[in-house]
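User: I would like to learn how to read the local features of a two-chain model, one at a time. Could you give me the general idea behind each and then the case at hand?

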Amino acid sequence: MTVPSPFALEAVNITKRFGAMIALDSVSLSLRRGTVHALLGENGAGKSTLVKCIMGYYLPDEGQVLFGDREQSISSPHDAHLLGIGMVYQHFTLIPNMTVAENLVLARPRLPAVINWRAELASLEKEMKGMPFQVPLQASVNTLAAGEKQKVEIIKQLLLNPKVLILDEPTSVLTPNEADEVLSRVRAMTQERELSVLIITHKFREVMNYADDVTVLRKGKYIGSTTVAEATPQSLAAMMVGRETIASPLQRAQRQRGNASLDVTDLWVENDNGVDVVCGLNLTVHDGEIVGIAGVSGNGQKQLVEVLAGQREPLRGSVRLHGAAYTATRAQMHEHRFRCLPEEPLRNACVGPMSVADNLALRRYDRPPYSSKSRILHRAIFKRIAREWVESFGIRTPGIEAPIANLSGGNVQRSVLARELSDAPHVLVVANPCFGLDFGAVAEIHNRIMAARNGGAAVLLVSEDLDEIMEMSDRVVVISGGKLVHETTPATADMTRIGQFMAGH
Amino acid sequence: MNGEEVGLIGILFAVLGGAIRVGTPFLFVSLGECLTERSGRINLGLEGNLVMGAMLAYGISYISGSPWLGVLAAAGAGSLLGLVHALLCQQPRVNDIAVGIALMLFGTGLAFFWGKPFIQPTAPHLPAISLGGWSDMPALRAALEINVLFIIGIILAPALAWFFRTSRWGLNVRCVGESTEAALAMGLKVNRVRLLSTMVGGALAGVGGSFLSLYYPGSWNEGLSSGQGLMAVALVIFARWDPVKCVYASLLFGGAAALGPALQSVGVTWGYYLFNAAPYVLTLAIMIATSSAKRRLPGMPGVFSNVK
């Protein structure tokens, strides 16, 4: 008789190459039954690649995946699902135009030819009782907030009764409270049922509080595995970044509040479905201060930023820069040195198929030094400036002629930072600048935004990460239901009250 | 009853009857386009399917003596054109709009080429059911001469809605049309779902064409279709990709198209061509009224939201 393996899943010596690049170099990972295992690493460390090899998106060049004591050849996510490996992706895979119930039923590997909705709903409601959190079954997914969508994603996998559940950065869209709720429930589940969880993250807090074991990757290499009991955040940080120095802490220069540079008065904006989501918002940002807008996603932040960035027309209300009306024309942006780091920079601030050099020039390509008076572009200047910025901002790219869409998330964000911050902005709008980035990149981006503020820029920071708001802001406002409902400073802030205002109480 | 009243009621009945007569091909083409678009492809080539279906249905009906065999042939030809569209579109870097326009020209051109011998002869027509026997008003009786294809069409529309809502295949089609990534993650074969949807959609458009040549106007010539296949695309948007609403939209378009002839039949001769343009004006007006630069169209399949 053989003793069953203590491991629910093992990846043994996985190597994956993309052309000449080695994304994974003989990486191993062992997930003990009934535990939460954290996979920790910086951007581009190979975490996602490893998981995609396990899930069958990629075929590893070398190495095996062992599941339930046996070597498995998993050639598609479908195979993985049939074996009992479920995965919650970093980006939502729910279908927005369908209801929660339809999404949940669709996820089943075998559906009957004709679906009896009454019976399905009844059985779903019964099954929901055993779930760690509740979601509205009949609601259309596009009406749900990010946190609720994440819960639906997890429930969708749990309904399939997986033996192994992989979560890819599951808390990056959640508020701290939601993140704690989701992770503690997931952890409880590993003890209640036969479930083992592999969670990709770069947040030490989550590793220390919710994981049993941790495996660290760096630049595609296996660095080590340990139980969390034997680890400290310092030891993990050392494993994660190696000998590289950790970025210096934020340098906030003492300075007097300057003139009001960005002034928003009674702004009303509707979303794509014609619903008012910014409802009479008033906001002022002065030179040399960072105003942080805290709030649960879906309370109008996105549309506010889109109006300021020129991607959406407001219904009514006024936006003024330095006292002059601002309608987000290119000329006005140039005149007021208005710069913006929107969320999802690849989609909102870049042209994906265009080269890094061209994307870096998007703000000023029609002006000297990029082009002459006759609007002839000087390609040599494009290249020279691009090379300078790639160097000074540490953008990791195969070359300045590579399409920017090929870069990793952190490097796309660095490219946009380089373009938006290099000509001393006067007004800077920043939205979720560190979404999905590792902590090294986060510190660097925070420092650069702080430097812009110290240089006298009026900075508006919109973020779903409350820690980031508290760390960065001079003033904090809370948005709820499309209006600012609370104002405070980080020094005097009462987190409980902020939480209540965020929740709309 | 004075003459003016008879005229007004006459116009009303004529428009009603016309809505059904002219609306039937709209109905089939729009149901076909609805199915295709819900799977995430736009097939602009349905005009070609329509004309090809009309020609083939007429020819087969003439040769075999059975109009239903003609309808079947039209459906077959339509699904073949759909197959070509789907196969071309699933090649990398092929645009479905461009393929659609090419196939529209191909389908109509081929139909004209093969259809030359069928312009003169008379083929057996599709039957109609008289639902107006209880009335002694000839205008109403004429309006209630309901063709069998229309009845099939109005049964098909709720059936298609049911299919989208409660059948596995229907959910698969919607899933593929809403998000390619989600569908792939679920292990659906995206290209195959779209291929089948385009083929069935093409077949329905072919049936719509058979109605033109075998019922109303009821003969084959090169000026038979006046762009119904293209207008059906606008109609699907107007109907918000909902098959049941396609019925109402088709009747509305059909009624608009019947306005000119109806007025002429009661002696209003001025503006005949103006009224004949009513469906086209309606198409434009609806596109303007229902589209918005800022809002997403409710009901639009998700894969189109990137291109708008």
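Analyst: A residue counts as exposed when its relative accessible area is over 50%, as buried when it is under 20%, and as partly exposed in between. The model here is predicted, and in it Asn161(A), with a relative accessible area of 55%, is therefore exposed.

User: Where does Asn161(A) lie, and what is the sign of its phi?

Analyst: Most residues other than glycine have a negative phi, and most peptide bonds are trans. Asn161(A), although not a glycine, has a positive phi of about 55°, and its place is in the loop between helix 5 (146-158) and strand 7 (164-168) of chain A. Ala328(A), which is not a glycine either, has a positive phi of about 60° and lies in the loop between strand 15 (324-325) and helix 10 (330-335) of chain A; Ala328(A) is buried, with a relative accessible area of 18%.

User: Which peptide bonds are cis, from Pro368(A) or from Tyr216(B), and to which residues do they lead?

Analyst: The bond from Pro368(A) to Pro369(A) is cis, with omega near 5°, and Pro369(A) is found in the loop between helix 12 and helix 13 of chain A. In chain B, the bond from Tyr216(B) to Pro217(B) is cis with omega near 0°, Pro217(B) being placed in the loop between helix 9 (190-214) and helix 10 (228-238) of that chain. The ring of Tyr216(B) also has a charged partner, since Arg21(B) lies over its face at 4.7 Å from the ring centre.

User: How many aromatic pairs does the structure hold, and what is the geometry of the one formed by Tyr57(A) and Tyr89(A)?

Analyst: Over all chains there are eight aromatic pairs. Tyr57(A) and Tyr89(A) form one that is edge-to-face, with 6.1 Å from centre to centre and 90° between the planes. Tyr57(A) lies in the loop between helix 1 (47-55) and strand 4 (62-67) of chain A, and Tyr89(A) in the loop between strand 6 (85-88) and helix 3 (100-106), so the pair ties together parts that are 32 residues apart in sequence. Tyr57(A) is partly exposed at 35% relative accessible area, whereas Tyr89(A), at 14%, is buried. The pair of Tyr370(A) and Phe382(A) is also edge-to-face, because the ring centres are 5.1 Å apart and the planes stand at 80°; here both residues are buried.

User: Is helix 1 of chain A mostly covered or mostly open, and which of its residues are buried?

Analyst: An α-helix has 3.6 residues a turn, so residues three or four places apart point the same way. Helix 1 of chain A is mostly covered, with seven of its nine residues buried, among them Leu50(A), Val51(A) and Ile54(A). The helix is followed by Gly56(A), whose phi is positive, near 90°.

User: What do chain A and chain B bury between them, and how many salt bridges cross their interface?

Analyst: The size of an interface is often given as the accessible area lost when the parts come together. Chain A and chain B bury about 2000 Å² between them, 56% of it on carbon and sulfur atoms. Asn97(A), Leu106(A) and Asp272(A) supply 24% of the area that chain A buries against chain B, more than any other three residues. The contact involves 23 residues of chain A and 19 residues of chain B. One salt bridge is found across this interface, and the side chains of Arg174(B) and Glu102(A) meet in a salt bridge at 3.0 Å, N to O.

Conventions
Residues numbered from 1 in each chain as written. Chains lettered and ligands numbered in written order. Predicted model: local features only at pLDDT ≥ 70, side-chain atom pairs only at ≥ 80, totals over all residues. Heavy atoms only, no water. Phe/Tyr/Trp six-rings, centres within 6.5 Å; stacked < 30°, edge-to-face > 60°. Helix = DSSP H or I, 4+ residues; strand = E, 2+ residues; numbered from the N terminus. Buried < 20%, exposed > 50% of the residue type's maximum accessible area, 1.4 Å probe, protein only. Lys NZ or Arg CZ within 6 Å of the ring centre and 35° of its normal. Contact = heavy atoms within 4.5 Å. Buried area = accessible area lost by both parts, 1.4 Å probe. Salt bridge = Lys/Arg side-chain N within 4 Å of Asp/Glu carboxyl O.
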